[in-house]
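Me: I should like to learn how to read the features of a protein structure. May we go through one together, step by step?

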Amino acid sequence: MSGKIEIRNLNKQFGEAIVLKDINIVMEAGKIYGLVGRNGCGKSLLMKHICGFVRPTSGEIAINGKVLKEGQDVPENVGLIIENPGFLPEYSGFRNLKMLGMINGKISDQKIRETIRLVGLDPFSKKRVGAYSLGMRQRLGIAQAIMEDPQILLLDEPMNGLDNEGVEEIRQLLLRLKEEGKLIIIASHTKEDIDLLCDVVYRMDKGKIVEMLE
Ligand SMILES: Nc1ncnc2c1ncn2[C@@H]1O[C@H](COP(=O)(O)OP(=O)(O)O)[C@@H](O)[C@H]1O
Ligand SMILES: [Mg+2]
């Protein structure tokens, strides 16, 4: 089964402020979509709607044909990294992912270690996450997002804190996941970070999609 996201006439207001306006997007499996625009334009908020953390004021989102309902959990088959992923600083990377994996209870230690290796970290390192660099933490966040093999990946500013080499490694990883048929959405305030990677880029400004580049 492959991923699909349909966003229809989505609007979001906080009080008087209109923060997302008339968003209509259809996204399909096997592609990487970019959301770009300056800070505050609504990229993270749109991601939070797609994973059901935030409810729209009007309009709807369907994931694999199922409309998201109020009070629902993150839809199955969606993996995400939100801005500045939070981990428990006292524990190792493996232990952090293991605890998060136990929430769904269907991931093996071996799969966790494989995924940690895939993002360029040492799966047997005892180093506590509190001593990680920003880039290492970001890599661990990406590992968490992909370790349960979701069809849909929401990556909010995934290149944050990565050096050039790290950006290139994560690019290669995301291209492989796309080839496997995943639907990937990446938000970034720097278009250059994701330009090479994306099949379609939506440029946002003040809560609106103002341009679509293919
Ligand atoms: N919980 C909230 N309450 C009020 N305003 C919010 C909330 N979350 C986001 N916003 C506002 O929505 C706009 C879009 O924010 P955001 O999606 O975080 O921007 P981006 O990720 O593009 O930098 C901003 O003006 C922000 O202040
Ligand atoms: Mg953001």
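Me: How many residues lie between β4 and β5 in their hairpin, and which residue in the turn has a positive phi?

Reply: Please note at the outset that this is a predicted model. The hairpin formed by β4 and β5 has two residues between its strands. In the turn, Asn64 has a positive phi of about 50°.

Me: How many bridges join β4 to β5, and which residue of β5 stands opposite Ala62?

Reply: Strands of a sheet pair through backbone hydrogen bonds, and the pairing may be parallel or antiparallel. Here β4 and β5 run antiparallel and are joined by two bridges. Ala62 faces Val67 of β5 across this pairing.

Me: In what order do the strands form the open sheet?

Reply: The order of the four strands is β2-β1-β4-β5, and their pairing is antiparallel. At the edges are β2, residues 17-28, and β5, residues 66-67, each of which pairs on one side only.

Me: How many bridges join β1 to β2, and how many join β1 to β4?

Reply: Strand β1 covers residues 4-14 and is joined to β2 by eight bridges. One bridge partnership here is that of Lys4 with Glu28 in β2. Five bridges join β1 to β4, again with the strands antiparallel. Across from Arg8 one finds Glu60 in β4.

Me: Which strands does helix α1 lie across?

Reply: Helix α1, residues 43-50, lies across β1, β2 and β4. Relative to β2, the helix runs at about 60°.

Me: Which element gives the largest share of the shell around ligand 1?

Reply: That element is α1, which supplies three residues. Among the residues around ligand 1 are Phe14, Val19, Lys43, Ser44 and Leu45. Also included are Gly37, Asn39, Gly40, Cys41 and Gly42. By character, the shell divides into four nonpolar residues, five polar and one charged.

Me: Is Glu179 buried or exposed, and why?

Reply: To judge this, one counts the C-beta atoms around the residue; 12 or fewer within 10 Å make a residue exposed. Glu179 counts as exposed because it has 9 C-beta neighbours inside 10 Å. This residue belongs to helix α5, residues 164-179.

Me: What distance separates the C-alpha atoms of Glu179 and Met99?

Reply: Their C-alpha atoms are separated by 29 Å, and the two residues are 80 residues apart along the chain.

Notes
Residues numbered from 1 in each chain as written. Chains lettered and ligands numbered in written order. Predicted model: local features only at pLDDT ≥ 70, side-chain atom pairs only at ≥ 80, totals over all residues. Pairing = 2+ DSSP bridges. Contact = placed C-beta atoms within 7 Å. Axes fitted to C-alpha atoms, helices over the stretch in contact; angles between N-to-C directions. Near = placed C-beta within 6 Å. Nonpolar A, V, L, I, M, F, W, Y, C, P; charged D, E, K, R; others polar. Buried ≥ 20, exposed ≤ 12 C-beta atoms within 10 Å, placed from the backbone.
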